[in-house]
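Colleague: I am new to this structure and would like to learn how to read it. Please show it first, then take me through the features one at a time.

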Amino acid sequence: MALLASLGAASYARFVAVALIFVLVLLLTSWSVRLMASVQKQGGRARNLELVESLPLAPGRHIHLVRLGGRYVALASSREGLTMLAEVEAQGLILGEEKSGEGGFAAILSKVRLPKQGNGKQDEE
């Protein structure tokens with residue numbers, strides 16, 4: 001009987017150990033993913049290159065506004081490659097403003113009116 005009790009305790013201890021190792025692996029994975037995301041977001045120490053805005057024109061074709069140091073460049077991208085369109089002066093750009101207009105998403109949502117749903121019967125007069 002004591003042998004069965006000791007086997008039960010050993011298997012319970014083994015289960016707890018495996019569960020703790022599993023939780024430790026999950027925590028380490030979560031930490032490493034967050035670390036990699038922050039490194040990629042920073043893009044290194046120097047911030048000389050930034051995608052300011054992108055506009056899709058057609059499937060596989062976009063116009064990009066890119067900041068290179070203190071210069072702004074308009075680029076066209078397609079499946080065939082990348083082409084520099086023009087250098088853009090910073091004075092003519094609207095930077096850091098809300099793209100959706102005044103009020104943001106709440107203002108847009110308030111403009112949307114859903115049709116009233118009837119019970120399927122037409123009113124008879």
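**Reading the sheet**

Modeller: Start with one pair of residues: Leu 51 has Val 66 in strand 2 as its bridge partner. The model is predicted, so to speak of local features a pLDDT of at least 70 is needed, side-chain atom pairs count only at pLDDT 80 or more, and totals for chains, interfaces and linings use all residues. Residues are numbered from 1 along each chain as its sequence is written, and side-chain values use heavy atoms, with hydrogens and water left out.

Colleague: What are the helices and strands, and which pattern does the protein follow along the sequence?

Modeller: Helices (H or I, at least four residues) and strands (E, at least two) are DSSP runs, numbered from the N terminus. Here there are two helices and four strands, and the pattern is α-β-β-β-β-α.

Colleague: In which order do the four strands form the sheet?

Modeller: Strands of a sheet pair through backbone hydrogen bonds, in a parallel or an antiparallel way. Two strands count as paired if DSSP finds at least two bridges between them. In this model the sheet is open, its order is 1-2-3-4, and the pairing is antiparallel. Strand 1 (49-58) and strand 4 (81-88) each have a single partner strand, so one side of each has no neighbour in the sheet. From one strand to the next the twist averages 25°, where axes are lines fitted to C-alpha atoms and angles run from 0 to 180 degrees between N-to-C directions.

Colleague: How many bridges join strand 2 to strand 3?

Modeller: Seven, with strand 3 covering residues 71-78. One pairing there sets Leu 65 against Ala 74 in strand 3. The hairpin of these strands has two residues between them, and Gly 69 takes a positive phi near 65°. Strand 1 and strand 2 (residues 61-68) pair over eight bridges.

Colleague: And what stands opposite Leu 75?

Modeller: Met 84 in strand 4. Strand 3 and strand 4 are joined by seven bridges, and the hairpin between them passes through two residues.

Colleague: What percentage of the residues count as buried?

Modeller: Buried means under 20% relative accessible area, with a 1.4 Å probe and protein chains only. Of the 125 residues, 8% count as buried.

Colleague: What share of the contacts join residues at least 24 apart?

Modeller: A contact means heavy atoms within 4.5 Å. Among contacts between residues at least 6 apart in sequence, 4% join residues at least 24 apart.

Conventions:
Buried means under 20% relative accessible area, exposed over 50%, partly exposed in between (1.4 Å probe, protein chains only).
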